[in-house]
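Reader: I should like to understand how the terms used for a protein model are justified. Please take me through them one at a time.

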Amino acid sequence: MSGFYTGLKYTLARRFNYEARSAGLFLFPVMSVLAVVAVFPILYSLYTSFFNLKLTRPHRVPFVWFDNYVKVLSDELFWESVMRTVSFTVMSVVAILILALFIALLLNESFHGRRFISAMILIPWAIPTVANGLLWKWIYDSGYGALNGLLLQLGLIDKYVVWLGDPDKTIPLIANAFVWKEVPLAAILILVTMKSIPVDLYQAARVDGANLLQRFVHITLPSLKPGFMLVMIYETMMAIRHFDLFFLLTEGGPADASHVLSWQIYVETFRNLSFGTGSAMSYILALVTFALAYAIIKMLGRRI
Amino acid sequence: MARILFDNVTKYYASVKAVDNLNLEIKDKEFLVLLGPSGCGKTTTLNMIAGLEELSKGDIYFDQQIVNFMPPHIRDVAMVFQSYALYPHKNVFENIGFGLKMRKYDTAEIDRRVRDAAERLHIEHLLDRLPSQLSGGQRQRVALGRAMVRQPSVFLMDEPLSNLDAALRISMRAEIKQLHHSMQTTFVYVTHDQAEALTLADRIVVMKDGVVQQIGSPDEIYERPENLFVGSFLGNPPINLLVGELVSDNAGVIFQKGRFKMEFQEEISTKLQPHIGKSVTLGIRPEDVNEQGAAVPGLSVSGTVNTVLPMGSEQYVSMTIEGTEAFFRLGKEHKHKGGDNISLDINRNRLHVFDQETERSLLWG
Amino acid sequence: MTLQSTKFSVPSEKWKYKSKRSERTRSAVIFIASIFLLIYVLAPVGWLLSSSFQSEAEIVSVPPHWLPHEPTMENFNAIFFQEFEEVTYETRRKVDPAAGGYIPSTAKDLLPSMWNSFIISVAVVILNLVVGVPAAYAMAKIRFWGRQASVYTILTTRVIPDIALVVPFFLVIKNLGLLDHVMSLIITYLAITVPFTVFILVSYFESLPDELDKAARVDGCSRLQTLIQVFLPLARPSLVAVMLFAFLTSWNEFLLALMFTQTIASQTLPIIVASFTSDFTISFSFINAAGVVAIIPPVILALFFERYIVSGLTAGAVKG
Ligand SMILES: Nc1ncnc2c1ncn2[C@@H]1O[C@H](COP(=O)(O)OP(=O)(O)O)[C@@H](O)[C@H]1O
Ligand SMILES: [Mg+2]
């Protein structure tokens, strides 16, 4: 007896069997949505990055090869903004990792009120960035803000200080607001990894006589590596692309003290209406993020 | 109600060949057992019958119909899974009745059948419980019930007893046999436990690395293994294997390993005639010996007892034959102890001889 | 090995004593750390809340009043009841900064914008489920050609910075004729929520045994029925988490809303609130009240569904 189906018919029956048809049907909605709202925009902005597209003269759109990229990469302002993004990112991510580790260590202990605290730390995570922005803008306010009031009452300053308006302080202060909102998620992610460390590992170490610090260094830290990596990459992605707080707190100012890359893209695209160079910058940002994200997807995708 | 035919079926997982060119006819109303070590492709075979795995090559027929691309919910099969796979959010009643509900039976009929099955499985009192509130044995019964109520044309079971404790396993064997009898439908049962296979099967299919080794009734498989693998996979304690040579002697063809010699019966001797000079493996099942007084070279084994394992109704003794440790099963008439010298008469019409090179039996197959 | 024997040589009395003392130290450390953490997390919000109940006169005191001395509801009244107020000399005064009024006329937009935010968020949640659940199930349990590739595609789309998407989004929206329409945000928010939804649900469905899927299909379920009858009821915790994430993301989103909305027909709450912050004539106490209004719904949701957030992330991001 040879096969009932032969050749093409068999191949088709196999390719479009019930499983494949179901999968196709189930994936169709998501794929069509993402095609419109993600894949197309991504490709389109790649496309515009090769044109000298300016909304100020919409009828002449010459194809300029890599000119936009060359222009962007040779622009000093661009590199300055890159450096600001880098310092904002490094500051934020380091602070987030350290704070999140301490919070996770705390919440990994069992004590009265632990549930309450783990609920409360969700508040910064849950609030809109706009609220986060105005919250810190008000705290940093040089005339009536809480920071000045508090420091004055504690006797740490003798008169009110200009905070956001001081170019040296702008980036760290914005980073502080960013960290405050990002820390809870990072802490939860690290806590979840911490909880997945098998208890008998600790018991074995205890039997071997390891003290608290040794247990932390030899068991906790190595086991946390995946969680740490995930948080680091994720938060780096978030910090690099962060826009909202720069818009809400300083609008890139004072002068260009908080003129970071995402702000630069915004200005170039929506104030100068120069879509070509804006897209080129976006793409450079995207490529950098991509390189970082490659790592995250390797890590997460592996498990799927 | 259903005959199942595998026609040159091969299944790959990526580059792993899980089932290799399977040709098998499962007869209507038969109790067929797929037996083999873990990873030999039993579950894959079962899944292909259910339609849960696609074939890479070949065809599967239900009766005269090719079902290669028929999805499982349209095939009339029921299956009991190794992990039971009960629906955690449904109670026992809903678990058992789910297959009927999906097939749009009316509520009264579902109720009748579920209660009927529950009664037969002695789980009537558990119908309102969730699976998490049941013991292993109870879950196993629910899984059986879920398949039973459907009265499918094929009943598939994937190691249904392997997660139970020993005592329960034995009693469930009898119940499954009973179930087959009353359901009058085709059963395909997967196990790696030879005892289960031997007690339950009408026919056994022995598999290894995705390849069928032998198909036959339990007696055939046990008494006439066609190759060394089948011979050594069945039997407890396992068959004793001695590697030696077939030589010609005035008594005909004999097996020789060092100073140990074994003569064959006339009929067997003739069969082995063409193989003189070959390197072979001689198989002696532990139970195929009788105790007797005198040692007769060529007809018996004799030596010093190494250890004795009392087994209650019988005893196992071990001795060394030309450097190979061998176990034999003896009655309790004589109490043996280590260091005793004994002679055992070999039941020579039950010997097995395998070609050392091809591992195929020289006697049958 | 040597360490082990040392342990046994320690007299048990000493152990008891030592562990009791270290137990006390531990409690103290935990207590202090908890207090610091609570202050860090809650103080900024508390300050926002406190100043939203202060009058314009009180809010500019130096040093600040940590708690309002004369709590007033005037800011909240302006947000919730302004529409019903008659235009009198008093209320007119409020819209005129020169006359000392600090409450903007756009205060009346807060409630409609909140409604927009709500509509958008609910729609995004529903569409996330409609689109994400079947896809996640297919990716987790159906072996089909291109499965791995589709998982990667979906994750990859989330990698591109939002700001890079704004221009092309704008063109899509414009071509669909949806500028200044809530639909524009609903559609674009799908891009930023669906990948995460799919990811979390795929992880969850993957963690359910394959045999459960097989059992359902042998029991007579089609793929769709298997999903609805077996997997959906079991996925409830993850579904809640996913819905919550999608809701909060939509409720809180700022950049895209800033770009695609122009009037109160589609402006969301964050946009209206942000519009206050850039206007120097508006009282900070009023802005803070607006901030409080924006904060309350997401915070209530997050606290209410707290355990689902953690379990959702457990199933997803850091699955063992
Ligand atoms: N889903 C799968 N993906 C890849 N390989 C598999 C899969 N299922 C089974 N295999 C492989 O196929 C072979 C046969 O497996 P299986 O049929 O489950 O064996 P058995 O049930 O006899 O233990 C094994 O080598 C196993 O590793
Ligand atoms: Mg198996």
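Author: The following exchange sets computed values against the definitions of the terms.

Author: This is a predicted model, in which local features need pLDDT of at least 70, side-chain atom pairs count only at pLDDT 80 or more, and totals for chains, interfaces and linings use all residues. Residues are numbered from 1 along each chain as its sequence is written, chains are lettered from A and ligands numbered from 1 in the order in which they are written, and side-chain values use heavy atoms, with hydrogens and water left out.

Reader: What makes Glu19(A) and Arg217(C) a salt bridge?

Author: A salt bridge is a side-chain nitrogen of Lys or Arg within 4 Å of a carboxyl oxygen of Asp or Glu. The closest N and O atoms of Glu19(A) and Arg217(C) are 3.3 Å apart, so the pair meets the definition. Glu19(A) and Arg217(C) also belong to a network of salt bridges with Asp213(C) and Arg223(C). Across the interface of chain A and chain C, the rule finds four salt bridges.

Reader: Which part of chain A gives the largest share of the side that touches chain C?

Author: Helix 2 (residues 18–48) of chain A does, with 20 residues. Helices (H or I, at least four residues) and strands (E, at least two) are DSSP runs, numbered from the N terminus.

Reader: How is the extent of the interface of chain A and chain C known?

Author: The buried area, meaning the accessible area (1.4 Å probe) that two parts lose on being put together, summed over both, is about 9,000 Å² between chain A and chain C. Carbon and sulfur atoms give 79% of that area. In terms of contact (heavy atoms within 4.5 Å), 93 residues of chain A meet 98 residues of chain C.

Reader: Why is Glu263(B) called buried, partly exposed or exposed?

Author: Buried means under 20% relative accessible area, exposed over 50%, and partly exposed in between (1.4 Å probe, protein chains only). Glu263(B) has 24% relative accessibility and therefore counts as partly exposed. This residue is found in strand 13 (residues 260–263) of chain B. Leaving aside neighbours within four places in sequence, Glu263(B) is in contact with several residues, including Ala251(B), Pro297(B) and Arg348(B). Glu263(B) and Arg348(B) are 85 residues apart in sequence, and their C-alpha atoms are 7.9 Å apart in space.

Reader: How do you know that Lys214(C) and Glu53(B) form a salt bridge, and are the two residues buried or exposed?

Author: Their N to O distance is 4.0 Å, and the side chains meet in a salt bridge. The pair crosses between chains, from helix 10 (residues 210–218) of chain C to the loop between helix 1 (42–50) and strand 4 (57–62) of chain B. Lys214(C) is at 17% relative accessibility and so counts as buried. Glu53(B) also has a relative accessible area of 17% and is therefore buried.

Reader: Why do Arg141(B) and Glu175(B) fall into their classes of accessibility?

Author: Arg141(B) is at 13% relative accessibility and so counts as buried. Glu175(B), at 27% relative accessibility, therefore counts as partly exposed. These residues form a salt bridge, with the closest N and O atoms 3.6 Å apart.

Reader: How many of the residues of chain B count as buried?

Author: Of the 365 residues of chain B, 54% count as buried. The secondary structure of chain B comes to nine helices and 20 strands.
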